[in-house]
Amino acid sequence: MQEKYIVSVDMGGTKILASVLNSKRGIIARQKKPTNITSGTKIYVKDIAEIVKKVVAASKLKRENIAAVCLGVPGSVNPVTGIIGHAPNLGIRNYKMKSELEKLIPYPVLLENDVNLGALGVKSYGVGKKSVNMLAVFVGTGIGGGIIINGKIYRGFNFVAGEIGHMLVQKNGPKCGCGKKGCFEALASRTAIVNNIIYDVKKLKKKSVLADLIKSNQRIKSGSLKNAIDKKDKVVISRITEACETIGDVLGSVCNLMNFDMIVLGGGVIEALGDFIMPIIKEEFHNHVFDAAEKGVKIVASKLGDDAAIYGGLALAEEFLGVKI
Ligand SMILES: [Zn+2]
């Protein structure tokens with residue numbers, strides 16, 4: 001029998017990333033392409049078809065080796081119908097992605113929300129392998145969550161379950177990208193942390209090693225935050241600590257509700273600052289969670305990085321096609 005693979009496509013806001021992989025050999029080929037959404041969804045779908053063809057060619061596999069193409073969508077998805085409800089960063093709304101893309105490539109197309117795929121990747125191929133009831137939380141520009149119950153992804157009534165980033169944490173708090181106020185991600189994402197640091201430096205005139213970056217309006221990435229922590233920058237340490245305490249509180253609350261056996265943290269902020277922030281998150285979690293809900297819960301950092309969602313494609317193929325790849 002021929003060895004089977006999938007193509008996992010990460011439909012990011014800045015780039016499309018396509019990878020060919022299976023569980024035995026891991027990722028064997030990768031290709032990327034800048035995201036072009038200004039020309040409309042039709043062109044964007046053509047771009048995905050092109051990069052899929054390119055990465056299959058780069059893998060030197062034959063058409064028969066590819067069992068499916070799995071798309072990780074930054075937005076709401078119905079994986080059963082293959083329709084994207086709304087992907088704001090890509091300007092896509094109510095689009096039959098599965099059927100449109102299948103017109104252009106000779107493979108079955110599967111779709112899932114990218115954060116759910118990340119959770120599936122962590123569960124099937126990462127630190128969550130032994131977990132049965134798991135929460136995956138990804139902290140970066142925003143905060144995303146994926147829920148695994150009894151070993152399966154929990155999608156909810158309208159496929160929007162897991163939106164932990166938009167749980168209300170502070171009534172009338174800072175404005176969130178979703179339009180509401182006081183959401184978890186408006187208080188504890190990298191965007192929130194950076195906004196607070198900018199406020200401290202610009203409005204409160206506090207000193208920080210990031211002052212030059214802020215004055216020249218440069219983007220502050222997780223790496224710059226890590227540098228500032230290493231230099232014991234008080235503003236940065238205080239703002240990150242504050243965000244970590246919020247993260248610990250929310251995880252404690254959610255654990256009281258759901259009684260998870262494992263919480264996996266991933267995303268740019270966790271990867272860059274994990275050594276500094278994981279102990280703070282754990283301590284605050286401990287302060288807030290019920291004793292009985294805390295018993296035996298593991299809080300760990302994901303080691304799959306951006307590959308979590310790529311590996312999640314394998315679990316999606318298994319769920320929808322019934323084949324282990
Ligand atoms: Zn929100």
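Here are some short exercises on this predicted model, each with a worked solution.

**Exercise 1. Get a feel for the whole chain.**
Work out how many helices and strands the chain has, and check its radius of gyration against the globule rule.

*Solution.*
- Start with the secondary structure: there are eleven helices and 13 strands.
- Next, take the radius of gyration, which is 20 Å. The globule rule gives 20 Å for 325 residues, so the chain is as compact as a globular protein of that length.
- For the outline, the C-alpha trace spans about 60 × 50 × 35 Å along its principal axes.
- Now look inside: 44% of the 325 residues count as buried.
- Finally, take the contacts between residues at least 6 apart in sequence; 63% of these join residues at least 24 apart.

**Exercise 2. Check a helix and find its partners.**
Compare the expected span of helix α5 (residues 190-202) with the distance between its end C-alpha atoms, then say which elements its buried residues pack against.

*Solution.*
- The helix has 13 residues, and at 1.5 Å a residue it should span 18 Å. The rule multiplies 1.5 Å by one less than the number of residues.
- The end C-alpha atoms of α5 are 18 Å apart, which agrees.
- The buried residues of α5 are Arg190, Ala192, Ile193, Val194, Ile197 and Asp200.
- Their packing partners are one strand, β9 (134-139), and the helices α4 (184-188), α7 (222-230), α8 (234-258) and α9 (268-288).

**Exercise 3. Describe how the two domains meet.**
Find the bounds of domain 1 and domain 2, then describe the side of domain 1 that touches domain 2.

*Solution.*
- The domain assignment gives domain 1 as 5-119 + 307-321 and domain 2 as 130-301.
- Their C-alpha centres lie 27 Å apart.
- Eight residues from domain 1 and eleven from domain 2 take part in the contact.
- On the domain 1 side, β5 (76-78) and α3 (114-125) are the elements that give two or more residues. The largest share, four residues, comes from α3.
- Sort the residues on that side by type and you get four nonpolar, four polar and no charged.

**Exercise 4. Explore the largest nonpolar core.**
Say how many residues the largest nonpolar core has and which of them have the most contacts inside it, then pick out what valine 7 touches.

*Solution.*
- The core has 100 residues, and Ile6, Val7, Val9 and Ile263 have the most contacts inside it.
- Helix α8 gives the largest share, ten residues.
- Both domains take part, since the core draws at least three residues from each of domain 1 and domain 2.
- Zoom in on valine 7: leaving out residues up to four places away in sequence, it touches Ala18, Val20, Val52, Val55, Val56, Ile66 and Val69.

**Exercise 5. Buried, partly exposed or exposed?**
Classify arginine 93, tyrosine 311 and phenylalanine 320 from their C-beta neighbours.

*Solution.*
- You need the cut-offs here: 20 or more other C-beta atoms within 10 Å means buried, 12 or fewer means exposed, and in between is partly exposed.
- Arginine 93 sits in strand β7 (residues 92-95). It has 13 such neighbours, so it counts as partly exposed.
- Tyrosine 311 is in helix α11 (residues 307-321). With 25 neighbours, it counts as buried.
- Tyrosine 311 touches Gly121, Ser124, Tyr125 and Leu304, not counting residues up to four places away in sequence. Its C-alpha atom is 7.7 Å from that of serine 8, although the two are 303 residues apart along the chain.
- Phenylalanine 320 is in helix α11 too. It has 17 neighbours, so it is partly exposed.

**Exercise 6. Look at two positive phi values.**
Locate lysine 60 and phenylalanine 159, and give the phi of each.

*Solution.*
- Keep the background in mind: most residues other than glycine have a negative phi.
- Lysine 60 has a positive phi, near 60 degrees. Its place is the loop between α1 (41-59) and β4 (66-73). With 10 C-beta neighbours inside 10 Å, lysine 60 counts as exposed.
- Phenylalanine 159 also has a positive phi, about 65 degrees. This residue lies in the loop between β11 (152-153) and α4. With 18 other C-beta atoms within 10 Å, phenylalanine 159 is partly exposed.

Technical notes. Residues numbered from 1 in each chain as written. Predicted model: local features only at pLDDT ≥ 70, side-chain atom pairs only at ≥ 80, totals over all residues. Rg over C-alpha atoms; globule rule 2.2 N^0.38 Å. Contact = placed C-beta atoms within 7 Å. Domains from an automatic or database assignment. Nonpolar A, V, L, I, M, F, W, Y, C, P; charged D, E, K, R; others polar. Core = buried A, V, L, I, M, F, W, Y, C linked by C-beta atoms within 7 Å.
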